[in-house]
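Hi everyone, thanks for making time. I'd like to walk you through one model today, so have a look at the screen.

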Amino acid sequence: MTQATGSHGAPMYGFVGLGVMGQPMALNLARAGTPLVVWNRTPARAEALRAAGARVAASVEEVFTHAGVVIVMLVDETATDAVLGRGGPQFAKLVAGRVVVSMGSTAPEYARGLAADIEAAGGSFVEAPVSGSRKPAEAGELVAMLGGDPDTVAQVRPLLAPMCRETVHCGPAGSGVLMKLAVNLYLDTTLAALAEAVHFAQRQGLDLETFRAVVDSGQLGSGITRVKVPMLAAHDFTVQAATSDAYANTRLIADAARAARIATPLLDLSSELYGESVRLGNARLDMSSVLTAIEARTDAAAPPPSTD
């Protein structure tokens with residue numbers, strides 16, 4: 001295959017998957033002048049990239065035809081395998097001679113297996129899962145945790161700069177997603193705890209703006225509290241990171257922990273709450289909707305009103 005170039009002769013790069021995170025990430029690449037060819041299973045999501053100057057491909061095959069390095073940002077392992085045609089003859093045709101950069105959240109053993117399959121087909125693999133939600137993605141403030149061969153990682157790192165304020169090489173394939181799971185364990189339990197604290201304050205009759213000011217003025221203040229406390233106070237669950245994705249991440253972490261005989265008591269409780277929020281109909285709302293699961297537990301435990 002012959003790799004296409006952009007208008008100034010620079011190599012063209014590929015981006016597959018323009019969802020809640022993928023679209024702003026790809027837009028940052030395009031706006032930085034990266035020659036880009038993109039594809040998404042829902043074509044309408046690609047129109048913003050077309051407007052930003054990216055080439056919109058009619059198929060994933062077209063992306064791999066024109067790009068030597070292809071970023072894949074898909075919702076889960078099943079979608080990644082389906083789009084790449086893994087297990088079928090199309091897979092090797094796509095990835096041979098290409099660098100595939102997987103930026104989604106997967107299980108460590110999946111990343112290692114995908115890396116082995118790509119390398120066996122004559123391609124190269126880098127994992128680069130990111131820490132951050134939609135707003136950091138829009139601002140180019142993500143943190144990427146890289147796993148793979150050091151030389152290939154060094155090749156890919158400059159490409160990630162418009163999307164990420166930090167890129168950290170964590171080791172061989174599998175190390176990046178393990179680091180992401182460790183970070184997500186902290187994030188998922190922290191947000192569940194913050195939702196519980198907001199719920200406690202609200203049900204005790206405290207002013208939530210004052211609660212926010214106290215939290216943000218102390219050592220617990222962070223980007224999470226500054227963004228999420230107002231959302232929790234207003235029951236504004238506009239998606240930045242979906243509840244179903246948070247729940248899936250807690251299951252990935254739990255699976256990895258069980259395989260290594262690691263106890264995760266706080267994670268397990270948080271996972272139950274995210275699962276309850278999904279069952280309440282909040283799957284594609286922001287993960288801060290975990291608040292509704294806590295509220296439902298309070299309401300279920302409340303004594304019935306007196307009939308006297």
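So, in which helix is Lys180 found? Lys180 is found in helix α9. By helix I mean a DSSP run of H or I with at least four residues, while a strand is a run of E with at least two, and both are numbered from the N terminus.

Quick housekeeping. This is a predicted model, where local features need pLDDT of at least 70 and side-chain atom pairs count only at pLDDT 80 or more, while totals for chains, interfaces and linings use all residues. Residues are numbered from 1 along each chain as its sequence is written, and side-chain values use heavy atoms, with hydrogens and water left out.

Back to Lys180. An unreviewed UniProt entry gives Lys180 the annotation "active site"; such annotations may be inferred rather than shown by experiment, and positions are in the numbering used here, with feature names shortened. Is Lys180 buried or exposed? Lys180 counts as buried because its relative accessibility is 8%. Buried means under 20% relative accessible area, exposed means over 50%, and partly exposed is in between, with a 1.4 Å probe and protein chains only. Leaving aside residues up to four places away in sequence, Lys180 touches Ser105, Pro129, Val130 and Met145, where contact means heavy atoms within 4.5 Å.

Let's stay on α9 and move to another residue. His199 is found in α9 too, and His199 is buried, with a relative accessible area of 6%. With the same sequence neighbours left out, up to four places away, His199 touches Leu291, Ile294, Glu295 and Thr298.

Now for helix packing. The axes of α9 (residues 175-203) and α12 (residues 243-259) come within 10 Å and cross at roughly 125 degrees. Axes are lines fitted to C-alpha atoms, for helices over the stretch in contact, and angles run from 0 to 180 degrees between N-to-C directions. That crossing makes α9 oblique to α12: under 35 degrees is roughly parallel, over 145 roughly antiparallel, 65 to 115 roughly perpendicular, and the rest oblique. On the α9 side the contact is made by Leu181, Asn184, Leu185 and Asp188, and on the α12 side by Ala246, Asn249, Thr250, Leu252, Ile253 and Ala256.

Last, the domains. UniProt, again in an unreviewed entry, places "6-phosphogluconate dehydrogenase NADP-binding" at residues 14-171, a span that is 42% helix and 24% strand. The annotation "3-hydroxyisobutyrate dehydrogenase-like NAD-binding", also from an unreviewed UniProt entry, covers residues 174-293, and that span is 75% helix and 0% strand.
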